[in-house]
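Hi everyone, thanks for coming. I'd like to walk you through a structure you probably haven't seen before, so get comfortable.

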Amino acid sequence: MFGRGKSAEKSLYHHPLLGEVALVRSWRSRRLSIVVRPSGEVRLTYPRFVPKAKALEFLDSRVDWVEQSRQRFAERGVARVEYTPEQIEQMRREAKDVLPGRVAFWAEKFGFQYGRVTIRASRSKWGSCSGENNISLSLFLMTLPPHLCDYVIIHELCHTVHHNHSAAFHALADRCMGGKEKNLRSELRRFSI
């Protein structure tokens with residue numbers, strides 16, 4: 001990610017117990033964090049003011065937690081699906097054809113105002129809304145059932161009103177989703193990008 005100056009430095013580290021770990025030294029991060037993905041991949045993010053050695057000590061202290069997380073994903077049978085470049089390109093075309101129209105439909109229905117809609121090959125999140133109310137959607141939304149795809153779109157549109165996950169945000173999202181926001185959020189968690 002590069003905007004005005006670097007925002008993160010990324011590298012790979014081979015941990016003796018965990019194998020390959022993605023290290024992200026972030027200019028935005030304020031704390032150390034570890035993410036385990038359904039595929040078993042591990043990502044360690046640490047602030048720029050924390051030495052790499054300290055970040056690796058933190059990783060060492062969380063080895064058991066990482067292994068337990070991997071085990072839970074394995075037991076649930078959740079694995080990352082790999083797509084060919086051709087499949088991704090096909091999904092991108094479909095996403096560009098379908099998703100902006102769905103955003104426009106729900107925005108008009110509920111009276112939301114938004115900026116641009118961009119389609120990205122994001123595997124870290126289904127969608128996001130910027131401070132300028134521009135909406136970014138992952139092309140992998142095309143792998144979801146239509147009602148969950150719409151859930152993500154409405155969720156991001158609600159962020160044009162509340163740029164946070166406050167009680168007011170969830171109340172608005174729940175109204176727009178006919179009282180099913182919590183259920184839809186739980187259902188979406190069963191899918192991985």
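I'll start with the whole chain, move on to confidence and cysteines, and then stop at a few single residues.

Okay, so before anything else: this is a predicted model. Let's take the overall layout. The chain has six helices along with nine strands. If you draw a box around the C-alpha atoms along the principal axes, you get roughly 55 × 35 × 35 Å. There are 193 residues in the chain, and 38% of them count as buried. The surface that the chain exposes comes to about 11600 Å², with 51% of that supplied by carbon and sulfur atoms.

How do the contacts spread along the sequence? If you take the contacts in the chain with a separation of 6 or more, 45% of them come from residues 24 or more positions apart. And on charges, the chain carries 32 positive and 20 negative ones, and their mean positions sit 6 Å apart.

Now, how far can we trust this thing? The average pLDDT for the chain is 87, and 92% of the residues score at least 70. Where is confidence lowest, and where is it highest? The lowest is strand E1, residues 2-3, with a mean of 36, while the highest is strand E9, residues 135-138, at 96. Right at the start, over residues 1-5, the pLDDT is below 50, and in the model this stretch has three contacts beyond near neighbours in sequence. Where pLDDT is low, the predicted coordinates should not be read in detail. So please don't squint at those five on the screen.

On to the cysteines. How many disulfides does a search of the whole structure find? Zero. Just as a reminder, a disulfide is a covalent bond between the sulfur atoms of two cysteines. Let's see why Cys149 has no partner: its closest cysteine sulfur is in Cys158, and that is 15 Å away, too far for a bond. Cys149 is also buried, at 7% relative accessibility. What about Cys158? Here the closest cysteine sulfur belongs to Cys176, at 4.2 Å, and that is still too far for a bond, because the cut-off for a disulfide is 2.5 Å. Cys158 is buried as well, with a relative accessible area of 0%.

Keep Cys158 in mind, since it brings us to a histidine. His170 and Cys158 are 12 residues apart in sequence, and their C-alpha atoms are 8.6 Å apart in space. His170 is found in helix H5, residues 167-176. Is it buried or partly exposed? His170 is partly exposed, at a relative accessible area of 22%, because buried would need a value under 20%. Leaving out neighbours within four places in sequence, His170 touches His165, Glu181 and Arg185.

That takes us straight to Glu181, which is found in helix H6, residues 181-188. This glutamate is buried, at 4% relative accessibility. Its contacts, again setting aside neighbours within four places, are Tyr151, Phe169, His170, Ala173 and Asp174.

Next, helix H3, residues 85-110, which is where you'll find Met91. Met91 counts as buried at 8% relative accessibility. Which residues does Met91 contact, leaving aside those within four places in sequence? They are Tyr83, Leu139, Phe140, Met142 and Thr143. Compare that with Glu57: 34 residues separate Met91 and Glu57 in sequence, and the C-alpha atoms are 40 Å apart in space.

Another pair to look at involves Ala8, in strand E3, residues 8-15. Ala8 is buried, with a relative accessible area of 7%. Ala8 and Trp106 are 98 residues apart in sequence, with 34 Å between their C-alpha atoms.

Last stop, two loops. Lys125 is in the loop between strand E7 (117-120) and E8. Lys125 is partly exposed, at 46%. Beyond its neighbours within four places in sequence, Lys125 is in contact with Ser138 and Ile193. Lys125 and Leu137 are 12 residues apart in sequence and 8.3 Å apart in space, C-alpha to C-alpha.

The other loop, between strand E8 (127-129) and E9, holds Asn133. What is phi there? For Asn133 the value is near 65°, which is positive in a residue other than glycine. Most residues other than glycine have a negative phi. Asn133 is buried, too, with a relative accessible area of 18%.

That's the tour. Thanks for listening!

Note on methods: Residues numbered from 1 in each chain as written. Predicted model: local features only at pLDDT ≥ 70, side-chain atom pairs only at ≥ 80, totals over all residues. Heavy atoms only, no water. Helix = DSSP H or I, 4+ residues; strand = E, 2+ residues; numbered from the N terminus. Buried < 20%, exposed > 50% of the residue type's maximum accessible area, 1.4 Å probe, protein only. Contact = heavy atoms within 4.5 Å. Areas by Shrake-Rupley, 256 points an atom, 1.4 Å probe, with all protein chains shown as cover. Lys, Arg positive; Asp, Glu negative; His and termini not counted. Charge placed at Lys NZ, Arg CZ, Asp CG, Glu CD. pLDDT = per-residue confidence, 0-100.
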